[in-house]
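Trainee: Could you walk me through one part of this model in detail? I would like a close look at the backbone, and at whatever helps to put it in context.

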Amino acid sequence: MAVKAPHTAGNATFIVDLPSGAARDPQLLPDGAVAFSIPSEPGGSEYLWFHFAVARLPSAVDFVLLNAAGAHQTGERWSITRPVFSADGRTWVRAEETSYSRQFSLKEPLGKPVFRFRAPLTAETLHVAYCYPYTLPMLHDFLAGLADRLEVPAGVLGQSEEGRDIPRFQIGGSSASDAGPEIWVICREHPGETPASYVLEGLTGALLDHPAGRRLRDRFTFHVVPLLNVDGAERGYYYHNARGVNLARDWSDFASAEARVLRQAMEPSLRRGTVRLVVN
């Protein structure tokens, strides 16, 4: 199971109780490398996301992902994957040395495929992640910074499967029910696709600050759902929500609370025929 409290191996302490934290079975290998596995997700064998911290490592070391072969991203894809590291949890740098190859042992005489990557820096507490984390606290900070800049106050789309608020905000238009032409922007059905949140911050800044953004605001009302899969983001999943539903595949069955509340929010606009574009 995933480690949700500090776990000590040798002189190192592993910390996974982080927003979007995910790792299991951390251990130090005889060669000093840090080995770990990615926790499974409900709903299927698809997994990719990991995010944890290690305190008191003696030096820059290798990290070994033990269940890389079972991940959704396998084979040659691992050869171009470069996880990220941070000394403070805010500024991240990518691994420069990576390999995907077989690791031989007495238990695995034929070799077990593992993904190995080296930390490019040292720190008292070293943060490690599949990609740049963008957590719910980061989203709340971003929304707080927008509070005085939005003509319509930010609100809540509805609640997730686990009862978390799914935020929404509007740029342009005079009210939440403005009947002019609309563009809907929906972000992170897959919670592990964190670059989407950074792109959304840039998109929001362009709409608010760039002259072309002003022209777009004058013409369209933008309805923005900055993180649809809030449960998956908090739990450290890559693909699924808390019930194991892949939201990107839930636009016919609407089996998830998240897809249902989004459909409910969009229905008045769809009935009016005012939706011009949906950016997912």
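**A close look at serine 20 and its context**

Mentor: Happy to! Serine 20 sits in the loop that runs between strand E2 (12–15) and strand E3 (24–28). Keep in mind that this is a predicted model. What catches the eye at serine 20 is a positive phi of about 65°, although the residue is not a glycine. As background, most residues other than glycine have a negative phi. Serine 20 has a relative accessible area of 6%; because buried means under 20%, serine 20 counts as buried.

For context, let us turn to arginine 188. This residue is not a glycine either, yet its phi is positive, at about 60°. Arginine 188 is found in the loop between strand E14 (182–186) and helix H2 (195–209). Its relative accessibility is 5%, so arginine 188 is buried.

Another serine makes a useful companion to this picture. Serine 101 belongs to strand E9, which covers residues 98–103. With a relative accessible area of 38%, serine 101 is partly exposed, whereas serine 20 is buried. Leaving aside residues up to four places away in sequence, serine 101 touches Lys112, Pro113 and Val114. You can also place serine 101 relative to tryptophan 78: the two are 23 residues apart along the chain, and their C-alpha atoms are separated by 9.8 Å.

Methods: Residues are numbered from 1 along each chain as its sequence is written. This is a predicted model: local features need pLDDT of at least 70, side-chain atom pairs count only at pLDDT 80 or more; totals for chains, interfaces and linings use all residues. Side-chain values use heavy atoms; hydrogens and water are left out. Helices (H or I, at least four residues) and strands (E, at least two) are DSSP runs, numbered from the N terminus. Buried means under 20% relative accessible area, exposed over 50%, partly exposed in between (1.4 Å probe, protein chains only). Contact means heavy atoms within 4.5 Å.
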